[in-house]
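Here are some short exercises to work through with the model open beside you. Try each task before reading its solution.

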Amino acid sequence: MTNTDSDNSREWAAQAYALLKKRQEEQKQELEKQEEQKQELEKQEEQKQELEKQEEQKQELEKQEEQKQELINIPNKENIADQSKTIAEPELGEFDDNFTWSAMVLAAQGKKINQISIDEIDWLTKLRRGLEETRKGFVTELLDKFGDDPLTPESLDDLETLLIRADVGIDSTDKVISSLRTKLNEEVVGAEAGIKFLKKELKLIIDKPIKNSGSDLLVPQKGKLNVWLLVGVNGVGKTTTLGKLAYLSSRSNYKTLIAAADTFRAAAVEQLKVWGDRSNVDVISNQSKNADPAAVVFDAINSAKKRNVDLLLVDTAGRLQTKNNLMDELAKIKKIIDKKVPDAIVESLLVLDASQGQNGLKQAKSFAKSADLSGAIITKLDGTSRGGVSLAVSEEVNLPIRFIGAGEGIQDLRPFNSYEFVEAMLADK
């Protein structure tokens, strides 16, 4: 990027920031106005009650107080309950490199200045921070090695090492290096052009299984019951991810229900109920010791049909391909679904911990053989992981990445966007 391009980008981002700042101030003023009106109403109500106490007899006063409890106190209790479930909305931070980069990523995807939201900026900032470790050990070192000099066959060897170290995988690395070698044979390629070409190649790898699936974005289909099974080994954040999916689905106005079918792990049901409460999504469970997971799914499907639910999210027990009994349980759950709702749209989503690197890739290969997977969710992109495993899963297991998590908050799981992911992974230092 030339200095002129950089200056123009920052000016564009500054305009977007100013507009968001103004919008945030207007919202703040409106909230303050509402609070003042609320306090004035409360003051008037207190005065009214005081007059009633002075003018009316004790018996009549008690009767009115009872009515007041019904008409005022009960709604107040409901409001308090609702407030406990309110999720704090992101706030506009400083106008810095993170904001500028996030704004330009949105602009590159066709967003206008007045269409950019604080929510989008907040998410992209988290994603960029989450991939910081990958970027530090990749782009920074790449640019330091190459500088402004054209790429050479020797520099490709260094690039190959960096890609493998970032958990991109052998197959993906071979494909990228082969494409770069072909390009070097045709023309001179500088470091900046090389990174631009690299971004394009990595995006092609990630996009291939997504396009092959026939669906760029995984969303529940209206008019049918959608059942999403979350599978994976214990410790990858499976139950937490399901809770965040429930929030995302509910926030997107899909009728959502949770089936707590991980009956083997202690406290899994209680954990899901906490997430369900935060997301305002009901949880179907069985508190009996060693309850049958398939029976829980059976009850959840019946409930989903009665409520006309759009999406049923099923938490399954953490399993390995060597645990035959757990794999049999998963097969049993699928049989129940096929029998009870044969026209349901079923997705089996593998949850992978990005920080596990090549071990995560091994898990994906194992589950792909026995669990009939249709997609993957990459979690824990929170600054300690190497995000390249997403490319390895796409290339070597042919699994479309459907969602990614870059934080611990309930809003820190989003649908996967290959352009944003690659840009965050290879952002300039």
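**Exercise 1: helix H9**

Of the 14 residues of H9, 11 are buried (under 20% relative accessible area with a 1.4 Å probe, protein chains only), so H9 is largely enclosed by the rest of the structure. This is a predicted model, where local features need pLDDT of at least 70, side-chain atom pairs count only at pLDDT 80 or more, and totals for chains, interfaces and linings use all residues. Residues are numbered from 1 along each chain as its sequence is written, and side-chain values use heavy atoms, leaving out hydrogens and water.

Task: find which residues of H9 are buried, then check the span of the helix.

Solution. Start with the buried set: Lys238, Thr239, Thr241, Leu242, Gly243, Lys244, Leu245, Ala246, Tyr247, Leu248 and Ser249. Next, take H9 (residues 238–251, a DSSP run of H or I with at least four residues). Its expected span, 1.5 Å times one less than its number of residues, is 20 Å, which agrees with end C-alpha atoms 20 Å apart. Finally, step just past H9, where Asn253 takes a positive phi of about 70 degrees.

**Exercise 2: Phe99 and the core**

Task: list what Phe99 is in contact with beyond its neighbours within four places in sequence.

Solution. Apply the contact cut-off (heavy atoms within 4.5 Å). That gives Ala13, Ala16, Tyr17, Leu20, Leu92, Glu94 and Ile121 for Phe99. Then place Phe99 in the largest nonpolar core (buried Ala, Val, Leu, Ile, Met, Phe, Trp, Tyr and Cys residues joined through side-chain atoms within 4.5 Å). This core has 107 residues, and Phe99 is among those with the most contacts inside it. Helix H8 (residues 191–212) gives the most to this core, with 6 residues.

Terms used:
Buried < 20%, exposed > 50% of the residue type's maximum accessible area, 1.4 Å probe, protein only. Helix = DSSP H or I, 4+ residues; strand = E, 2+ residues; numbered from the N terminus.
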